[in-house]
Amino acid sequence: MDNKICFVIAMQSEAQLLINKLNLTEDNNFAPGLPMRAWFGKLNNSGIIITVNGKDNDTALDLIGTQAATLTTHLAIEYFKPNMIISAGTAGGFSHKGAQIGDVYLSFPRVVFHDHRINIPGWDNMGKGLFNCWDTREMATILNLKTGIVSTGNSLDMLPTDEEYINKLGGEVKEMEAGAVAWVAYLYKIPFFCIKAITDLVDSIHPTSEQFNQNFNLAAGTLTESSISVINFLTRK
């Protein structure tokens, strides 16, 4: 099968609705001895892969953040040989930039890091990431989705310094994995973009964790439906 689209998703609870909707089958030969898991199936004669980071051995909680995402993406590329990588999941947005709970964003024009602060010329840009995305603008217009720069960091909260960097970099979506996925896709020269559903408004007076728990099911639903629409767009004749 020539065309394979691989979704890299941190948490299985973010991925499960999509796995069910697409009737995918788990590949038990993926990442033996490691927590990462993968499911495979077909839609519109294209291969659809969903990988998740799996559970931490000590806490039994989903592995989140850039370390797990880096390894999952590398393993997925080596094993499945996909033609496109999509970092999908839930994320935070900014009400003052027009985000609402349940909105779905496609990344464009780039993905950045907001917590890799290296104040040395050359390394400063390396720290920011600045990974260009596959052009999602036509797809976003047709599917009535938003676009924006996705900014990655390894903390759920947002310190004032993080907020300053996000604003400097033009970030509209804040999350914890996309920059790592983008870097690995860049190394392998595979087209990449993000699909991110908003669970929380980072600039709200309400704690991020509280909003995340309250809005997760809504965002997981919009993420699933939008992901299926994206697959149909990408695999259309």
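**Figure 1. Asp135 and its salt-bridge partner Arg137 in the predicted model**. Asp135 is partly exposed, with a relative accessibility of 35%. Its carboxylate takes part in a salt bridge with Arg137, and the closest N and O atoms of the two residues are 2.7 Å apart. Arg137 also counts as partly exposed, at 46% relative accessibility. The whole structure contains eight salt bridges, and the pair of Asp135 and Arg137 is one of them.

**Figure 2. A salt bridge within helix H5**. The side chains of Lys168 and Glu164 meet in a salt bridge, with an N to O distance of 3.2 Å. Helix H5 spans residues 160-169, and because Lys168 and Glu164 are four residues apart in this helix, they are separated by about one helical turn. Lys168 is exposed, with a relative accessible area of 61%. Glu164, in contrast, is partly exposed, at 39% relative accessibility.

**Figure 3. A buried salt bridge between strands S9 and S10**. Glu175 and Lys196 form a salt bridge in which the closest N and O atoms are 2.9 Å apart. The pair links distant parts of the chain: Glu175 belongs to strand S9 (residues 171-175), Lys196 belongs to strand S10, and 21 residues separate them. Glu175 is buried, with a relative accessible area of 3%. Lys196 likewise counts as buried, at 1% relative accessibility. Both values fall under the 20% limit that defines a buried residue.

**Figure 4. The largest nonpolar core, with Ile195 as one of its members**. This core holds 62 residues. Phe7, Ile85, Ile86, Phe192, Phe193 and Ile195 touch the most other members. Strand S10 (residues 192-201) gives the most to the core, contributing seven residues. In soluble globular proteins, nonpolar side chains tend to be buried together. When residues up to four places away in sequence are left out, the contacts of Ile195 include Phe7, Ile86, Ser87, Ala88 and Gly89. Also among the residues touched by Ile195 are Val104, Tyr105 and Leu106, together with Leu223, Ser227 and Val230.

**Figure 5. The surroundings of Thr66 in helix H2**. Thr66 is found in helix H2, which covers residues 66-80. With a relative accessible area of 13%, Thr66 is buried, since this value is under the 20% limit for a buried residue. The side chain of Thr66 makes a polar contact of 2.8 Å with the side chain of Asn154. Apart from residues up to four places away in sequence, Thr66 touches Phe113, Thr152, Asn154, Met176 and Ala180. Asn154 therefore appears both in the list of residues touched by Thr66 and as the partner in the polar contact, within the environment of a buried residue.

**Figure 6. A nonpolar surface patch that includes Ile120**. Ile118, Ile120, Trp123 and Met126 form this patch on the surface, and together they have about 410 Å² of accessible area. Ile120 is placed in the loop between strand S6 (104-113) and helix H3 (123-128). At 41% relative accessibility, Ile120 counts as partly exposed.

**Figure 7. The cis peptide bond between Phe108 and Pro109**. Phe108 and Pro109 are joined by a cis peptide bond, with omega of about 5 degrees. Pro109 is found in strand S6.

**Figure 8. Two alanines with positive phi, Ala31 and Ala60**. Phi of Ala31 is near 50 degrees, a positive value in a residue other than glycine. Ala31 lies in the loop between strand S2 (25-26) and strand S3 (37-43), where it counts as buried at 10% relative accessibility. Phi of Ala60 is near 65 degrees, again a positive value in a residue other than glycine. Ala60 is located in the loop between S4 and H2. Ala60 counts as exposed, at 53% relative accessibility, whereas Ala31 is buried.

**Figure 9. Gly47 in strand S4**. Gly47 is part of strand S4, which comprises residues 46-52. At 0% relative accessibility, Gly47 counts as buried. Ile77 lies 30 residues away from Gly47 along the chain, and the C-alpha atoms of the two residues are separated by 13 Å.

Notes:
Residues are numbered from 1 along each chain as its sequence is written. This is a predicted model: local features need pLDDT of at least 70, side-chain atom pairs count only at pLDDT 80 or more; totals for chains, interfaces and linings use all residues. Side-chain values use heavy atoms; hydrogens and water are left out. A nonpolar core is a set of buried Ala, Val, Leu, Ile, Met, Phe, Trp, Tyr and Cys residues joined through side-chain atoms within 4.5 Å. Buried means under 20% relative accessible area, exposed over 50%, partly exposed in between (1.4 Å probe, protein chains only). Helices (H or I, at least four residues) and strands (E, at least two) are DSSP runs, numbered from the N terminus. Contact means heavy atoms within 4.5 Å. A polar contact is a pair of N or O atoms within 3.5 Å; within protein, one must be able to donate a hydrogen and the other to accept it, and residues adjacent in sequence count only if both atoms are side-chain atoms. A salt bridge is a side-chain nitrogen of Lys or Arg within 4 Å of a carboxyl oxygen of Asp or Glu. Patches are made of residues with over 30% relative accessible area and no salt bridge: like charges are joined within 9 Å, nonpolar side chains (Val, Leu, Ile, Met, Phe, Trp, Tyr) within 5 Å. Accessible areas come from the Shrake-Rupley method with a 1.4 Å probe; for residues, only the protein chains shown count as cover.
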